[in-house]
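Please read the following report alongside the sequence and the three-dimensional model. It moves from confidence to symmetry, then to sheets and helices.

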2 protein chains.
Amino acid sequence: MNKAQNIYDNQEFFDGYKKLRDNQYSANNLEEKPALFSLAPDLQGKSVLDLGCGYGENCAEFKSLGATTVLGVDISEKMLAVATAEHSDIEFIRADMSDLSFLKGKYDVVFSSLALHYIEDFGTLAKNIYSLLNAGGYFIFSQEHPLTTAPIAGASWSRDSEGNVLHYNLTDYARSGRRSTMWIVDGVEKYHRTFSEIVNALVEAGFTIEKMLEPIPTKETIERDKSWEKDLHKPNFLLIKAKKPLSD
Amino acid sequence: MNKAQNIYDNQEFFDGYKKLRDNQYSANNLEEKPALFSLAPDLQGKSVLDLGCGYGENCAEFKSLGATTVLGVDISEKMLAVATAEHSDIEFIRADMSDLSFLKGKYDVVFSSLALHYIEDFGTLAKNIYSLLNAGGYFIFSQEHPLTTAPIAGASWSRDSEGNVLHYNLTDYARSGRRSTMWIVDGVEKYHRTFSEIVNALVEAGFTIEKMLEPIPTKETIERDKSWEKDLHKPNFLLIKAKKPLSD
């Protein structure tokens, strides 16, 4: 498997990203995070692995929800420096999640928030996660929505002369593969996959799909700021809860 | 459940549809049909139900693949008149698949080709199909791609001054519900559902998702006629193979 790009250790990206995450009205905080936690099973007494844990906020939340052990993995030194400083009671390991062979234990739940679109070989990753899970365990992840990652030229919207959104400019949905896009800085590398490629990779790894979510903004969010309405044309995130069956 | 619209008994629609289906280079023949049959399990000795069977061509194919009993159900009298005339060895019943309570037997495979987007309540239909299946049986269907059914104003493309496709004009993906569109004739009623709504309805009915397909044209098809390339921006069809587990 190829090494994933480590854009988060680019200083300019890191600074821009930190600002974005601090915004309480970000799509991350309003759409992705509530959806991710709505998929979580009872974590009481469970061991949790968080792939692409970033600042470790979710790790802390898993712990406060009762998880006994929580391990956060991230490729970025800068992100983990923040994570370690803010959450001294949680273990963090710096690693590229494209190679999880250093992990020896078994987990009840593997979470991954908005990191999998950086991984080229999702099929192998899904198989690796499957083998790290206890029977009956869950793989719960969010990623950029496939309609966001689809356009090779980058996501864009058509607007009228007053700036109102007319439609999302969808291209290249069925052309999966690497995307080099502008997000905070130029040249961020992501991988586009179709819905069917994601679902089939999970099924081939042995998982059962339990739930799929494409969160949209609440009524209140749209009333506060009309610009959120465009997420009803094209959602920002895809989330899946997949289960490792009790018996193979 | 509301009664489905019976647009196929509209003479103008029926004539236009017949012409479309007779075209060997239709998306139906080049993309949908090969994908549907690629999902079929071994049909030898199996009992098959085909919901929205239309002319009954697929029913005949299921029989030639070894199915012992094949029942075709369709809402349209005109379609079934053709089906009965062309396939005298197959049983056809005229019915609205929104109400399958008249069916008493059990089936090994339930197929449905390009008919489910006419049904308002997919969740109830999925549950009804689940109860009609033997344990270990399959529900295999194709439908218009959710990106096709999404726009409330109807599917449309942006093109440059020479007519080349720039992008698909995506709107309303997250606004599921009724769509009244122009297809052959005006006022054809369909229902848009997101990927997650389709997947979750199947899971809630008890099904396990085994495979998902979004077929694209072959290289040869695109070489013969460049206009097929636009299906790489937005596929025409979604197909799912779902299994009723052997034990609940």
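The report below describes how the two chains are arranged and how their strands and helices pack.

**Basis and confidence**

This is a predicted model, in which local features need pLDDT of at least 70 and side-chain atom pairs count only at pLDDT 80 or more, whereas totals for chains, interfaces and linings use all residues. Residues are numbered from 1 along each chain as its sequence is written, and chains are lettered from A and ligands numbered from 1 in the order in which they are written. The pLDDT is the predictor's confidence in each residue, from 0 to 100; for chain A it averages 92, and 96% of the residues score at least 70. Where pLDDT is low, the predicted coordinates should not be read in detail. For the complex, the predictor gives an ipTM of 0.93 and a pTM of 0.93.

**How the two chains are related**

Two copies of a chain are related by a rotation about an axis and a shift along it. Here, a turn of 180 degrees and a shift of 0.0 Å along the axis lay chain B on chain A with an RMSD of 0.0 Å, which is the relation of a two-fold axis. The same surface serves both copies, since 100% of the contact residues of chain B recur in chain A. The superposition is a least-squares fit on the C-alpha atoms of residues with pLDDT of at least 70 in both copies.

In the interface, 29 residues of chain B are in contact with 29 residues of chain A, two residues being in contact if their C-beta atoms, placed from the backbone, lie within 7 Å. On the side of chain B that touches chain A, the elements that give two or more residues are strand 7 (165–170), helix 7 (195–205) and strand 10 (208–213) of chain B. Strand 10 of chain B gives the most, with six residues. Helices (H or I, at least four residues) and strands (E, at least two) are DSSP runs, numbered from the N terminus. By class, this side of chain B has 14 nonpolar, eight polar and seven charged residues, where Ala, Val, Leu, Ile, Met, Phe, Trp, Tyr, Cys and Pro count as nonpolar, Asp, Glu, Lys and Arg as charged, and the others, Gly among them, as polar.

**A sheet shared by both chains**

Which strands make up the open sheet with antiparallel pairing? Four strands form it, in the order 6(A)-7(A)-7(B)-6(B); two strands pair if DSSP finds at least two bridges between them. Strand 6 (157–159) of chain A and strand 6 (157–159) of chain B stand at the edges, each with a single partner strand, so one side of each is left without a neighbour in the sheet. The twist from one strand to the next averages 35 degrees.

Between the chains, strand 7 of chain A and strand 7 of chain B run antiparallel and are joined by three bridges. Within chain A, strand 6 and strand 7 also pair in the antiparallel sense over three bridges, and they form a hairpin with five residues between them, where A:Gly163 in the turn has a positive phi of about 90 degrees.

**A sheet within chain A**

Seven strands of chain A form an open sheet in the order 3-2-1-4-5-11-10, with mixed pairing. Its edge strands are strand 3 (91–94) and strand 10 (208–213) of chain A, each pairing on one side only. Strand 1 (residues 47–51) and strand 2 (residues 69–74) of chain A pair in the parallel sense over five bridges.

The residue partners given for these two sheets are collected here.

| Residue | Partner | Strand of the partner |
|---|---|---|
| A:Leu51 | A:Val73 | strand 2 of chain A |
| A:Ser158 | A:His167 | strand 7 of chain A |
| A:Asn169 | B:Asn169 | strand 7 of chain B |
| A:Leu170 | B:Tyr168 | strand 7 of chain B |

**Helix packing**

In chain A, the axes of helix 5 (residues 122–132) and helix 7 (residues 195–205) come within 9 Å and cross at roughly 40 degrees. Axes are lines fitted to C-alpha atoms, for helices over the stretch in contact, and angles run from 0 to 180 degrees between N-to-C directions. This crossing of helix 5 and helix 7 of chain A is right-handed; a crossing is left-handed if the near helix is turned anticlockwise from the far one by less than a right angle, and right-handed if clockwise. Residues making the contact include A:Phe122 and A:Tyr130 of helix 5 and A:Ile198 and A:Leu202 of helix 7.
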